[in-house]
Number of protein chains: 2
Amino acid sequence: MSTAPVVLGIDIGGTTTTFGFVAPDGTCLAETELPTRASEPLSLFMERLTERIRDAFAPISVGHDLKGIGIGAPNADYRTGKLVNPPNLKWGSNVDLAGLFRRAFGVPVAVTNDANAAALGEMAYGAARGMEHFMVVTLGTGVGSGIVVNGEVLYGADGFAGELGHTVVDPDGRVCGCGNRGCLEAYASAGGLCRTFFSLLANHDGDSSLRAVPFSGLSARLVYEAARQGDRLACAAFEETGRILGIKLADAAALLSPEAIFLHGGLAAAGNLIFDPARRSLEKHLPGMSRQRVKLLPSGLGNRSAAVLGAAALVQRHLEKEQPPGFTTPSTR
Amino acid sequence: MSTAPVVLGIDIGGTTTTFGFVAPDGTCLAETELPTRASEPLSLFMERLTERIRDAFAPISVGHDLKGIGIGAPNADYRTGKLVNPPNLKWGSNVDLAGLFRRAFGVPVAVTNDANAAALGEMAYGAARGMEHFMVVTLGTGVGSGIVVNGEVLYGADGFAGELGHTVVDPDGRVCGCGNRGCLEAYASAGGLCRTFFSLLANHDGDSSLRAVPFSGLSARLVYEAARQGDRLACAAFEETGRILGIKLADAAALLSPEAIFLHGGLAAAGNLIFDPARRSLEKHLPGMSRQRVKLLPSGLGNRSAAVLGAAALVQRHLEKEQPPGFTTPSTR
């Protein structure tokens with residue numbers, strides 16, 4: 001009996017890990033989510049994840065052949081296959097992600113950072129098909145970006161290009177998880193939105209349905225739900241988050257001249273609450289001749305995970321042609 | 001008698017225009033400077049420039065054959081050969097620079113912006129030889145940047161990538177020549193340095209040898225000379241200019257991960273006065289894992305004009321192989 005080839009795409013986020021088995025045409029089978037539990041040791045995470053992967057593959061294993069694994073994860077190094085000091089995960093400074101998965105499943109593994117994976121997914125199956133210059137910005141636990149120039153993901157000299165989340169909003173501003181001050185990630189992530197909300201609460205006397213919620217109990221979801229119900233301070237928090245995001249997107253667009261910028265991740269799911277102020281601010285701060293030339297768009301993949309599809313597209317591509325330095329196969333390691 | 005091929009490289013700056021005849025090995029003959037006179041009509045500038053070019057070529061014309069012209073100019077569009085709303089020149093909104101020179105000299109013409117030309121010069125003949133990822137920042141009348149990724153100048157979707165000068169230092173900051181507020185160009189250009197000096201003069205009571213100089217009489221050169229003689233406010237103006245520049249260089253490095261950033265232009269000639277504070281600030285604001293990985297360097301071309309050499313390298317390259325969309329030859333137009 002013939003089997004159809006699939007690759008496993010895995011997106012490891014600061015809060016949630018998602019995976020799915022992706023066919024060459026982009027169909028995603030058995031997509032599964034589990035909590036990442038960032039404070040848990042890596043070994044426990046690997047145990048939970050590999051078990052869930054085997055469980056998910058079991059029912060489809062008869063008709064499908066697993067050919068490779070692509071992984072998107074924060075601070076993952078495409079060139080070495082390692083996870084280097086991921087700011088929102090406490091797994092040590094140099095985790096050989098590609099090696100771990102290669103040993104666990106005995107198939108080739110390719111690794112890239114989560115935002116690059118999202119860009120690859122958007123380019124392979126989403127709204128960036130055919131675009132030579134674009135950028136995907138992930139707004140979640142952290143803020144990342146995957147930059148595509150001349151149809152290729154930009155890795156740069158050290159392999160870590162695309163650190164939009166650590167560009168500077170205010171050199172004297174909020175302390176960021178990375179140790180610097182005033183990074184975009186401290187403003188335009190889920191936690192950044194909450195901090196902006198609390199800062200507004202502290203500085204204004206407007207009423208808010210969230211006055212009774214403690215700092216430790218607040219989540220981006222609560223701010224979103226309050227804003228949807230018209231809570232003025234919650235709406236203002238989105239407005240301010242979008243304004244700040246738009247300035248840094250304009251900076252990136254001035255340097256890169258992308259055709260489009262795609263917003264992905266939890267905060268992007270807030271729709272117009274974040275897109276409207278971000279678009280106004282982007283347009284205002286773009287260099288004159290670039291105005292109205294840079295589209296700010298949601299993912300073209302709808303509810304499908306761009307990073308899962310992109311991680312799958314990454315390994316698929318390497319199975320078909322080149323192999324990156326960090327690409328590990330059972331025979332090479 | 002056999003003649004040696006040369007190409008003409010021209011660098012049109014906001015204040016000074018420089019040209020030279022460049023041999024395939026990078027030797028530059030008859031390098032000449034003339035004032036640009038930004039407020040003068042384009043026709044007068046063309047008249048003066050073509051006359052000077054013919055004068056300079058006359059003595060070497062017997063042994064040399066002019067094969068092509070490469071031009072670097074602010075806001076020049078590589079793809080169309082046109083000058084689009086150059087912010088520091090009053091020549092109208094769409095000057096067909098390639099066509100003008102093609103008609104005047106009857107040879108193929110290639111055009112790019114001045115900062116891209118400087119990057120091409122650094123890559124062909126300077127300290128960026130062999131680098132795949134770097135950036136040249138020009139600090140003069142304006143602030144520009146030429147970005148090289150994967151060994152190619154980055155043009156982006158609209159052809160105008162590399163607008164570092166119009167990234168945002170402060171959204172409520174100084175009015176910039178482009179109409180936006182708070183652009184880097186309003187801080188890290190020659191004029192920006194003067195504005196910072198006057199702002200320090202207004203806000204501090206320290207003594208300065210430049211207290212008697214009116215706003216309209218101040219130049220970056222005067223601030224430089226005062227700083228060299230230990231004038232504390234002049235030194236502080238360089239310090240502040242470098243600090244601001246370093247933040248925006250860190251932003252660009254976070255996105256692009258260059259191996260090196262080269263500072264060119266008049267302000268870069270101030271040496272340690274600008275390099276030291278810029279380097280400190282760049283290092284402070286880089287994402288943690290990129291620290292000490294991005295070199296901040298002066299041009300490797302010394303007193304030779306990177307933009308003249310780069311403009312020459314551009315047309316040389318196109319004579320040898322491809323032709324860009326904006327490349328005009330006598331036969332095609």
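Of the residues of chain B, Ala252(B) comes closest to the rotation axis, with its C-alpha at 3.9 Å. That axis belongs to a rotation of 180° that lays chain B onto chain A with 0.0 Å of shift along it and an RMSD of 0.0 Å. The two copies are thus related as by a two-fold rotation axis. Please keep in mind as you read that this is a predicted model. Below is a short tour, from the pairing of the chains down to single strands and residues.

**How the two chains meet**

- The contact between the chains brings together 38 residues of chain B and 38 residues of chain A.
- Two elements of chain B, strand 9 (143-149) and helix 7 (232-256), each supply at least two residues of the side that touches chain A.
- Helix 7 of chain B gives the largest share of that side, with seven residues.
- By residue class, the side of chain B that touches chain A divides into 20 nonpolar, twelve polar and six charged residues.
- Both copies use the same surface, as 100% of the contact residues of chain B recur in chain A.

**Two domains in chain A**

- In chain A, the domain assignment gives domain 1 as 4-114 + 304-320, and domain 2 as 127-298.
- The C-alpha centres of domain 1 and domain 2 of chain A are 26 Å apart.
- Where these two domains touch, twelve residues come from domain 1 of chain A and ten residues from domain 2 of chain A.
- On the side of domain 1 of chain A that touches domain 2 of chain A, four residues are nonpolar, five are polar and three are charged.

**The five-stranded sheet, seen in both chains**

- In chain A, five strands make an open sheet in the order 3-2-1-4-7, with mixed pairing.
- Strand 3 (28-35) and strand 7 (109-112) are the edge strands of this sheet in chain A, each pairing on one side only.
- From neighbour to neighbour in this sheet of chain A, the strands are turned by 20° on average, with direction ignored.
- Strand 2 (residues 16-22) of chain A runs antiparallel to strand 3 of chain A, and six bridges join the two.
- Within that pair, Phe21(A) has Leu29(A) of strand 3 of chain A as its bridge partner.
- Chain B also has an open sheet of five strands in the order 3-2-1-4-7, again with mixed pairing.
- At the edges in chain B stand strand 3 (28-35) and strand 7, each with a single partner strand, so one side of each is left without a neighbour in the sheet.
- The twist of the sheet in chain B averages 20° from one strand to the next.
- Strand 1 (residues 4-12) and strand 4 of chain B run parallel and are joined by eight bridges.
- In that parallel pair, Asp11(B) stands opposite Gly72(B) of strand 4 of chain B.

**Strand 11 of chain A, an enclosed strand**

- Five of the five residues of strand 11 (residues 260-264) of chain A are buried, so this strand is largely enclosed by the rest of the structure.
- Ala260(A), Phe262(A) and His264(A) point one way from strand 11 of chain A, while Ile261(A) and Leu263(A) point the other way, and all are buried.
- Strand 11 of chain A pairs in the parallel sense with strand 8 (residues 134-139) of chain A over five bridges.
- Strand 11 of chain A also pairs in the parallel sense with strand 12 (residues 295-298) of chain A, over four bridges.
- Phe262(A) of strand 11 of chain A stands opposite Val136(A), and Phe262(A) has Leu297(A) in strand 12 of chain A as a bridge partner.

**Helix 2 and helix 1 of chain B**

- Helix 2 (residues 97-105) of chain B has these buried residues: Leu97(B), Ala98(B), Leu100(B), Phe101(B) and Arg102(B).
- The buried residues of helix 2 of chain B pack against helix 1 (42-57), strand 4 (64-72), strand 5 (83-84), strand 6 (94-95) and strand 7 (109-112) of chain B.
- Gly106(B) follows helix 2 of chain B and has a positive phi, near 65°.
- Arg54(B) lies in helix 1 of chain B, and with 12 C-beta neighbours inside 10 Å, Arg54(B) counts as exposed.
- Arg54(B) and Phe105(B) are 51 residues apart in sequence, and their C-alpha atoms are 9.4 Å apart in space.

Definitions and conventions. Residues are numbered from 1 along each chain as its sequence is written. Chains are lettered from A and ligands numbered from 1 in the order in which they are written. This is a predicted model: local features need pLDDT of at least 70, side-chain atom pairs count only at pLDDT 80 or more; totals for chains, interfaces and linings use all residues. Domain bounds come from an automatic or database domain assignment. Two residues are in contact if their C-beta atoms, placed from the backbone, lie within 7 Å. Ala, Val, Leu, Ile, Met, Phe, Trp, Tyr, Cys and Pro count as nonpolar, Asp, Glu, Lys and Arg as charged, and the others, Gly among them, as polar. Copies are superposed by least squares on the C-alpha atoms of residues with pLDDT of at least 70 in both. Two strands pair if DSSP finds at least two bridges between them. Axes are lines fitted to C-alpha atoms, for helices over the stretch in contact, and angles run from 0 to 180 degrees between N-to-C directions. A residue is buried if 20 or more other C-beta atoms lie within 10 Å of its own, exposed if 12 or fewer, and partly exposed in between; C-beta atoms are placed from the backbone.
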